[in-house]
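User: I have a structure here and would like to go through it with you. Could we start with one charged pair and work outwards?

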Amino acid sequence: MTDMTTEQVHDVTVNVNGVPRTATVPARRLLSDFLRHDLELTGTHVGCEHGVCGACTVLLDGKPMRSCLMFAVTAQDHRITTVEGLCDAPDARPCATGERMNPAQQAFAECHGLQCGFCTPGFLTTVTAYLEENPSPSQEEAREAISGNLCRCTGYQNIVKSVLRAAEIRTERLEENAGESA
Amino acid sequence: MKPAPFVHHAPRSVEEAVSVLAQVGHDGKILAGGQSLIPVLNMRLASPAHLVDINRVTGIDQVEVGDDAVRVGALVRHAELEYHEGAYAALPLLRQALVNVAHPAIRNRGTTVGSIAHADAAGEMPAILALTGGVVEATGPRGAREIAAVDFFQGPLETSLAEDELAVAVRFPRFAPGTATAFAESARRHGDYALAGVAAAVTVRDGVITDARSSFVSVTDVPSVLDLTDVVGGSEPGTADWAAAAEAVRAHVEPEADIHATADYRRMLAGELARRVLCQAAENAATTKGSSDR
Ligand SMILES: Cc1cc2nc3c(=O)[nH]c(=O)nc-3n(C[C@H](O)[C@H](O)[C@H](O)COP(=O)(O)OP(=O)(O)OC[C@H]3O[C@@H](n4cnc5c(N)ncnc54)[C@H](O)[C@@H]3O)c2cc1C
Ligand code: FES
Ligand code: FES
């Protein structure tokens, strides 16, 4: 056994939401805890810590992954997007409250896609990445896309609506962006 | 919960990984995608003193499609193999099975080789290695060796890999011309571990079945292959006795009961899924005469 008092630490640098961030942590620090405790980015939520609930989902190099099933040391030098970073996406826009929101965030707000909001960061990262792959899902596909995330408030009907609405908003904004640059 | 302390090793090459494994041996664990290992560490069901993290090892992240087999390196994530067009063309069974492995976020991280090394009989890819008659390429302090699937899976979560051996790659052999495959499983929610799953490969030549076999998910202790050629061989796909094949499958599997399903229900499911995938594979084999691309 490793002696607790002499547990090795590592300087871990991860690019989070476009900014290189460093903290000195033991090897056993989960990426989810690294984000929440060491970097104070508490948007990423932790539910089950065994990969089932999806609340901790972040984008690693653009792809959704469970941050509770990765060590911060392994994420060294990789690019992470947390829910806090979604509002910096090129298709994010200021909304009524003055905050910037990406299409998924805007759609969840419009369609009542959240109740307590605990599961929401995981849904938003998952849905954001999903729409990159499938920009106009059917209702059935939208349902399947979120099947890896659990919502204890059981708002699934509205979450499915939110995914479909997010796809619409995303398409509108892509068209606007194309119009602007033309 | 959180993992117990461990020393993290981040080798950059297979040689370096093997030399670290030689030193830490029985007190060490290989960390690939971590999608099976980290939950176990988080729950403190295991607390190895050393983790040999292979995520930075170079040269083991390739999918190679050859004339005989699809070779998958230890760092190929499930999702990469799933989306690999060459691998799909050579062995459609890989994608047919992979879409059933967990959810996309887990497939983006978990590796196919890790899943086989983990040897969970509820996992899809161990069953696919068995059905293709695949091979695990292992390297350790005593050199390199190849282990055939039949010798690899020893018991529940138990393989013939030594503690200090690294699975560098697995090879899934391609099927003979005239073969088609199918996969189906039943899970409580798409992406969850299957209550029962069945993979089938059927070869049709000159209109008759010359070979039929299947392998199973979640209903046997150890991934195993059932040869059904005696039951349906010589018949035409449309008139073969698929009910008899399903009966042979029900007799072969040894499901266990848990809170989600009784053993009898899983046995019934395995039989019905087998009937469907065998029939489907046979029909596809008959319509894509002589081609191994389906
Ligand atoms: C919520 C959830 C649902 C899941 N559902 C499914 C499912 O439906 N079907 C399914 O098949 N799987 C499922 N999985 C497991 C997933 O597929 C894992 O990715 C896979 O089983 C292990 O691969 P890994 O690369 O993550 O391995 P790790 O977790 O890193 O390692 C697993 C074990 O294999 C050993 N190992 C890993 N790589 C090697 C190697 N190259 N050489 C020697 N030993 C090695 C490790 O030491 C460890 O003992 C699920 C996981 C989660 C979290
Ligand atoms: S906290 Fe990571 S999946 Fe539940
Ligand atoms: S909104 Fe409460 S858990 Fe999903």
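Analyst: Let us begin with B:E272, which is partly exposed because its relative accessible area is 26%. Please keep in mind that this is a predicted model.

User: Which side chain does B:E272 meet in a salt bridge?

Analyst: The partner is B:R276, with 2.9 Å from N to O. B:R276 counts as partly exposed because its relative accessibility is 48%.

User: How far apart are B:E272 and B:R276 in the helix?

Analyst: They are four residues apart in helix α12 (residues 263–287) of chain B, so about one helical turn separates them. In general, an α-helix has 3.6 residues a turn, so residues three or four places apart point the same way.

User: How many salt bridges does the structure hold over all chains?

Analyst: The total over all chains is 24. Some are linked: B:E64, B:R71, B:E137, B:E146 and B:R171 form a network of salt bridges. Another salt bridge joins A:D38 to A:R29, whose closest N and O atoms are 2.6 Å apart. A:D38 is partly exposed because its relative accessibility is 25%, and A:R29 is partly exposed because its relative accessibility is 25%.

User: How many salt bridges are there between chain B and chain A?

Analyst: There are two between these chains. In one, A:E49 pairs with B:K2, and the closest N and O atoms are 2.4 Å apart. A:D33 also forms a salt bridge with B:K2, at 2.7 Å from N to O. That pair runs from helix α1 (residues 31–38) of chain A to the segment before β1 of chain B.

User: Are A:D33 and B:K2 buried or exposed?

Analyst: A:D33 is buried because its relative accessible area is 6%, and buried means under 20%. B:K2 is partly exposed because its relative accessible area is 35%.

User: What about the whole contact, how many residues does it take from each chain?

Analyst: It takes 32 residues from chain B and 33 residues from chain A. The two chains bury about 2,700 Å² between them, with 57% of that on carbon and sulfur atoms. There are also 13 residue pairs in polar contact between the chains, both residues being at pLDDT 80 or more.

User: Which element gives the most to the side of chain B that touches chain A?

Analyst: That is α2(B), with four residues. The residues on this side of chain B divide into 16 nonpolar, 10 polar and six charged.

User: New topic: what is notable about B:E185?

Analyst: B:E185 is buried yet has no salt bridge. The nearest side chain of opposite charge is B:R107, 8.8 Å away. B:E185 lies in strand β11 (residues 179–186) of chain B. Leaving out residues up to four places away in sequence, B:E185 touches several residues, among them B:N100, B:E124 and B:D192.

User: Where does B:E124 sit, and is it buried or exposed?

Analyst: B:E124 is in α8(B) and is buried. Helix α8 (residues 124–132) is mostly covered, as nine of its nine residues are buried. Just after α8(B), B:G133 takes a positive phi of about 65 degrees.

User: Last one: where is A:A107, and what is it in contact with?

Analyst: A:A107 is in helix α3 (residues 103–110) of chain A. A:A107 counts as buried because its relative accessibility is 0%. Apart from its neighbours within four places in sequence, A:A107 is in contact with A:S162, A:R165, A:A166 and A:I169.

Notes
Residues numbered from 1 in each chain as written. Chains lettered and ligands numbered in written order. Predicted model: local features only at pLDDT ≥ 70, side-chain atom pairs only at ≥ 80, totals over all residues. Heavy atoms only, no water. Contact = heavy atoms within 4.5 Å. Buried area = accessible area lost by both parts, 1.4 Å probe. Salt bridge = Lys/Arg side-chain N within 4 Å of Asp/Glu carboxyl O. Polar contact = N/O pair within 3.5 Å; in protein donor to acceptor, adjacent residues only side chain to side chain. Helix = DSSP H or I, 4+ residues; strand = E, 2+ residues; numbered from the N terminus. Nonpolar A, V, L, I, M, F, W, Y, C, P; charged D, E, K, R; others polar. Buried < 20%, exposed > 50% of the residue type's maximum accessible area, 1.4 Å probe, protein only. Lys, Arg positive; Asp, Glu negative; His and termini not counted.
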